[in-house]
Amino acid sequence: MGEVLAGRYELGARLGSGGMADVYAAYDRTLGRTVALKLLRSGLSADRVFVDRFTREARSAASIDHPRVVGVLDAGSDDGRHYIAMELVSGGTLKEAIGRDGPLPERRALRIAREIADGVAAAHARGIIHRDIKAQNVLLDDEGHPKVADFGIARTAEDADLTQTAALLGSVHYLSPEQVSGGTVDARADVYSIGVVLYEMLTGFLPFRAESPVQIATQHLREDPVPPRRIRTGIDPATDALVLRAMAKRPERRFASAAELRDAIDALLGDTVAVPVSVSARGPGGGVARRFVLLGAAAVPALALIALLVARAASPVAVAGPVPTVAGFTAAPVSATPKSTSPAPTPSAPVVSPAPVASPAPVATAAPAATAAPPVIVSAEDPAATVVSFYRLVTARQYRDAAALWSARMQANYPPASNIDQRFADTRSISADSAVVTSRGLNEATVSVYLTEVTSAGTRHFSGTWYLIRSGTGWLMDAPSLGPA
């Protein structure tokens with residue numbers, strides 16, 4: 001027999017741990033069923049702020065009766081040990097599903113996002129803002145339907161004194177710009193986070209990735225995400241637009257509420273009847289559907305986000321930031337012209353060591369000169385080989401030959417003098433460990449890549465796609481969509 005809490009819950013295996021609590025499977029002797037029991041860590045039980053937050057989580061979740069929100073069955077304390085009893089889920093988290101299966105089919109991703117938005121809309125109808133929507137806090141039941149979990153930092157109108165402290169605990173990959181900057185947060189912050197989750201489901205990647213939470217938070221403030229269609233071809237342009245609207249930097253440019261986002265997804269899917277949002281409060285002994293939910297995902301360490309706030313205070317930034325960077329490439333401050341769709345001549349033979357096109361002279365660097373590599377053969381019929389060859393030429397410091405593999409538009413938008421010569425000055429090697437053609441037409445192609453770069457500071461990885469176009473000499477690299485892996 002395991003430890004028994006409150007004379008009722010017999011503790012079993014630990015199912016997971018979060019920033020402030022552990023979750024166990026527990027047998028409820030009173031009702032004869034297994035539940036998920038969330039226990040506040042003993043070291044935090046004497047801290048009134050954490051106890052209040054833990055209690056608020058139970059009250060917030062218990063006040064929402066909706067099939068897409070975790071069900072709270074009981075809450076209390078036993079000899080100073082605070083607990084929340086919840087329904088147990090066996091399907092794992094959405095984060096685990098994405099990690100295991102990769103990007104989800106588009107319609108499935110939209111339906112999951114629609115159900116998440118439906119549950120969050122129910123919380124909003126109760127005056128509750130979740131503030132920590134992320135793939136780790138979305139649980140999947142046996143049928144694959146999502147349930148929103150972990151209301152540990154949710155805010156209501158009565159929680160004004162705890163708002164700033166709670167803001168430190170949101171997961172930085174999913175935080176809205178206003179949460180990062182310490183601004184006023186309303187329901188549209190949850191809309192932004194749902195947009196990030198949908199982006200991740202569609203592409204398999206988070207929209208912003210960097211080596212530190214501070215850098216990621218800065219990207220939320222300054223940089224626009226690479227459109228999902230640039231990472232995964234075949235995504236409906238309407239889906240692309242929906243994601244980008246949900247993730248708009250300025251709240252007024254997003255969907256006004258989770259309910260509006262839900263309805264927009266319904267329209268996109270062609271669903272004519274939306275699942276109604278039920279927001280009846282639960283009373284003692286009130287009817288609770290027999291759903292199964294496992295709650296608990298780690299929050300970002302507080303020290304990392306405190307550092308974020310310190311950095312923001314020292315150097316405030318505006319939402320509208322500079323031109324974006326893509327894997328270190330800095331766009332020139334000019335607007336790109338639309339991609340040409342007119343046919344181009346088909347090359348008749350492979351190109352050996354392509355002749356350089358007109359470009360600014362290389363900028364001298366302090367990096368040691370590398371031994372010149374033999375000419376790299378570029379296959380006129382293989383766009384992936386063009387990408388591989390580009391990085392081989394860069395490693396060999398054959399910068400002019402590397403620039404010759406860029407289209408004229410690419411060179412205009414990303415001048416080689418700064419984006420090849422200077423960008424790779426400290427690069428000892430960079431290789432395309434994987435280069436796969438994911439789409440190919442007569443005159444355009446997309447290549448998915450995974451890159452490893454070695455510099456004096458260490459090794460780093462990038463992933464994403466290159467868009468290529470045909471020219472008279474073969475395939476030319478026309479636009480990157482790359483980010484830290």
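## Exercises on a predicted model

**Exercise 1.** Describe how strand 14 is joined to strand 15 and how strand 15 pairs with strand 16, naming a residue pair for each.

*Solution.* Begin with strand 14 (residues 444-455) and strand 15 (residues 458-471), which run antiparallel and are joined by 12 bridges. In this predicted model, the two strands form a hairpin, with two residues between them. A pair that can be located within it is Glu453, which stands opposite Arg460 in strand 15. Continue along the chain to strand 16 (residues 474-484), with which strand 15 pairs over 10 bridges, again in the antiparallel sense. Here the pair to look for is Arg470, which stands opposite Trp475 in strand 16.

**Exercise 2.** Determine which residues of helix 2 (residues 94-101) are buried, and explain how they are arranged around the axis.

*Solution.* The first step is to list the buried residues of helix 2, namely Leu94, Ala97 and Ile98. The second step is to consider their directions: they cover an arc of only 95° around the axis, and therefore lie on the same side of helix 2. This agrees with the general rule that an α-helix has 3.6 residues a turn, so residues three or four places apart point the same way. The third step is to turn to the face directed away from the buried side, where the exposed residues Gly99 and Arg100 are found. The fourth step is to ask what covers the buried residues of helix 2, and the cover includes helix 3, strand 7 (138-140) and helix 6 (187-203). Finally, the residue that follows helix 2 is Gly102, whose phi is positive, near 80°.

**Exercise 3.** Describe the largest nonpolar core, and state what other core lies apart from it.

*Solution.* The largest nonpolar core has 69 residues, and those with the most contacts inside it are Leu94, Ile116, Phe151, Leu198, Met201 and Leu261. Its largest share, 10 residues, comes from helix 3 (residues 106-125). To follow one of these residues, take Leu261, which, when residues up to four places away in sequence are not counted, touches Ala117, Val191, Ile194, Leu242 and Phe255. Apart from the largest core lies another, of 29 residues, among them Phe329, Tyr399, Leu405 and Met477.

**Exercise 4.** Summarise the protein as a whole in terms of its secondary structure, burial and contacts.

*Solution.* Start with the secondary structure, which comes to 15 helices and 16 strands. Next, of the 485 residues of the protein, 49% count as buried, while the protein exposes about 20,700 Å², 56% of which is supplied by carbon and sulfur atoms. Lastly, among the contacts with a separation of 6 or more, 67% are accounted for by residues 24 or more positions apart.

How values were computed
Residues numbered from 1 in each chain as written. Predicted model: local features only at pLDDT ≥ 70, side-chain atom pairs only at ≥ 80, totals over all residues. Heavy atoms only, no water. Pairing = 2+ DSSP bridges. Helix = DSSP H or I, 4+ residues; strand = E, 2+ residues; numbered from the N terminus. Core = buried A, V, L, I, M, F, W, Y, C linked by side-chain atoms within 4.5 Å. Buried < 20%, exposed > 50% of the residue type's maximum accessible area, 1.4 Å probe, protein only. Contact = heavy atoms within 4.5 Å. Areas by Shrake-Rupley, 256 points an atom, 1.4 Å probe, with all protein chains shown as cover. Arc of directions from axis to C-beta.
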